[in-house]
Amino acid sequence: MNQPAYRFCQWLLLVMVLLAPACLKAETADFAWLEDAGTDLSIENIMALPEQRWQSFDPHKVLNLGFSDRSVWLKVDVPPEPENRLLEIGYPLLDEVTVFWVQQGEVVEEHRTGDHQAFDSRPIPHRHFAFLVPSNTEAVTAYVRVRTQGSVQIPVRIVPSKQFLAEEHLSYGWQAVFLGIMLAMALYNFFVFLIVRQPTYLWYVLTVITAALVWLNFNGLLFQWLWPDTPILNRYFTAPAISLNIAFAALFTMSFLSLQRFSPIAFRLFQGVIALAVFMFVFGLFGAYQASTVIVSAFAAVVTPLAWLVGLWVWRQGQVLAGFYVLAWSPLLLGHLVLAVSKLGYLPSTFVTEFAPQFGVALEVILLSFALAYRINLERQWRQEAQDHALAVQRHATETLEARVQERTEELERANEQLKDISLTDGLTQVANRRRFDERLAVEWNRACRQQDSLSLLMLDIDHFKRVNDRFGHLVGDDCLVSIAGLCANEIQRSGDLLARYGGEEFSVLLPATSGQGARSVAERLRTVIADNPVYPGDGTGPVNLTVSVGVATMTPDSGSEPEALIRRADEALYQAKESGRNRVVEWVSSSACSDPDLEKSEQPR
């Protein structure tokens, strides 16, 4: 927790310690209780019980018996005092409260009330159950029978009328302040919601309204103000109202802390909280009153610290607004802690301890309202930063527009080159096609002409390829072409050399800056690798043995010659290789004769 929250907690504890002694007053009555074990004892039976059956208790420690369907009897012996006094039971949610005033062994007054009775059944029209002590001159005894399906909490005391009236002014004043705070925060943020249309503010407004209704109901004011003649509504209000408050608080937490972005696990956890709250709302309307009260009380006891821990966790994850959330949630937790410690008897029951949860709720909604206002300012800063960033981006875009255009132009040129490459590639064998070969031959021819360098060309033709197609089909023939193209490509090592499919079953290999001897070496290597590697078609056909005939031509171009001369020479050499029996390499020698290195090696040394 940050320093402001820590100092606030210290300050609140100090105030409670300082105010507590001022509110204490020594009791002048004896208090005892017993639980009716289901026999439904009458007042006569109760009065006849021996003293040892009764258990004494300290009224400064609230008699808290949890949830029970049994009747609880209180016995309050009130000695005579000269001033008027009241018997007060300060928990308005008790279903049935019956008081018998006994004087000298006789019942002198009897009052039957509770929040299942109309409000005018109370002898004193007050949100708590208050009964005037019938005598100031003689000792009297009050036998109080309490039965409720909710929590059996019985804060009982005998208080002088003057003190009761003074405390009532203070209590009602605080309730008015509390209601004013809640209404002001709800109305302010509702108007903000109408302006900004962000659901966070709506969830906050609904959370504040339901929290105010819950606490006014706990203090008996809703029954007194809104439906005094319809006590049946008390049966269907408490558990559903708490369920709605939990659901709206969970929705506010999810939206305010941006849990879906900062903690998906916590986001799913609060989705489960909302689902359970909706279930408890329905169960509170149609289920058993006691069961719904027990479930919703336990659920609220778990969700309240859980929300604080989630806020702390998200704060550590970098959510700036979570710090305000944790600070606002801390007084609520502290208020419930003080009330719980007071109910257990470790703190005296005072105005501060009784209304500590309301203090916490009021401070929570105020701090959260400040947090929402800060959120508006923070979002304004974010928008300003976003606008500044957008302007900077726009300036940068303007400054670099020409560079972007140039870059895009280059990309288009590269794309065109890629398209050109595709148009220059044979679709079946994925080597260069005839068009690519013609363009490259022209380029290399001009370069060789300028540099007076030799240029060699190999023309390869698959032997008896028509037989392969006729015997195995054109698909196998295609597999053979692809295989031979792959074998040749693996043997062409230099980056400047070009392997192309010249047409049909014929391939060409352009070898720049290569002599006739080098070209013959390459041609022989290609012929050998093809002859030594049968083709295995993909359809399961047996191996297909292929051979190629290769024609080799080498020229040193000059300004008076054309690239077609090199092609004609290579074609003549290829024709001679076919005529000489195939599966051989023949080099062009002259227009009238070609040379087979195996037959005429001695005559044409190279």
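**View A. The model has 17 salt bridges, and one of them joins Arg157 to Glu88**. A salt bridge is a side-chain nitrogen of Lys or Arg within 4 Å of a carboxyl oxygen of Asp or Glu. The model is predicted: local features need pLDDT of at least 70, side-chain atom pairs count only at pLDDT 80 or more, and totals for chains, interfaces and linings use all residues. Residues are numbered from 1 along each chain as its sequence is written, and side-chain values use heavy atoms, with hydrogens and water left out. Side chains of opposite charge can pair when their charged atoms come close. In the bridge between Arg157 and Glu88, the closest N and O atoms are 2.8 Å apart. Arg157 sits in strand E11 (residues 156–160) and Glu88 in strand E5 (residues 85–89), so their pairing ties together parts that are 69 residues apart in sequence. Helices (H or I, at least four residues) and strands (E, at least two) are DSSP runs, numbered from the N terminus. Glu88 is buried, at 7% relative accessibility. Arg157 is partly exposed, at 21%. Buried means under 20% relative accessible area, exposed over 50%, and partly exposed in between (1.4 Å probe, protein chains only).

**View B. Lys578 and Asp461 meet in a salt bridge**. The N to O distance is 2.5 Å. Lys578 belongs to helix H19 (residues 563–579) and Asp461 to strand E12 (residues 455–462), so this pair links parts that are 117 residues apart in sequence. Both partners have little exposure by the cut-off: Lys578 is buried at 16% relative accessible area, and Asp461 is buried at 11%.

**View C. Arg527 and Glu524 form a salt bridge in helix H18**. The closest N and O atoms are 2.3 Å apart. Arg527 and Glu524 are three residues apart in H18 (residues 516–531), so about one helical turn separates them. Arg527 is buried, with a relative accessible area of 15%. Glu524 is partly exposed, at 29% relative accessibility. Elsewhere, salt bridges that share partners join Glu88, Arg157 and Glu167 into one network.

**View D. Leu487 in helix H17 touches Ile530**. H17 covers residues 474–491. Leu487 is buried, with a relative accessible area of 16%. Leaving out residues up to four places away in sequence, Leu487 touches Val529, Ile530 and Asn533. Contact means heavy atoms within 4.5 Å. Leu487 and Ile530 are 43 residues apart in sequence, yet their C-alpha atoms are 6.8 Å apart.

**View E. Met47 lies in helix H2**. This helix runs over residues 43–47. Met47 is partly exposed, at 28% relative accessible area. Neighbours within four places in sequence aside, Met47 contacts Val102, Gly105, Val107 and Tyr143. Glu106 is 59 residues from Met47 in sequence, with 9.7 Å between the C-alpha atoms.

**View F. Five residues form a nonpolar patch on the surface**. They are Leu183, Leu187, Phe190, Phe191 and Leu194, with about 460 Å² of accessible area together. Patches are made of residues with over 30% relative accessible area and no salt bridge; like charges are joined within 9 Å, nonpolar side chains (Val, Leu, Ile, Met, Phe, Trp, Tyr) within 5 Å. Accessible areas come from the Shrake-Rupley method with a 1.4 Å probe; for residues, only the protein chains shown count as cover. Leu194 is in helix H3 (residues 161–196). Leu194 is partly exposed, at 36% relative accessibility.

**View G. The buried residues of helix H9 pack against other helices**. H9 (residues 264–286) has 23 residues. From first C-alpha to last, H9 reaches 34 Å, close to the 33 Å expected at 1.5 Å a residue. The expected span of a helix is 1.5 Å times one less than its number of residues. Buried in H9 are Ala266, Phe267, Phe270, Val273, Ile274, Ala277, Met280 and Gly284. Their packing partners are helix H6 (232–235), helix H7 (238–256), helix H8 (259–262) and helix H10 (289–316). H10 has 28 residues and should span 40 Å; its end C-alpha atoms are 41 Å apart, which agrees. Gly318 follows H10 and has a positive phi, near 105°.
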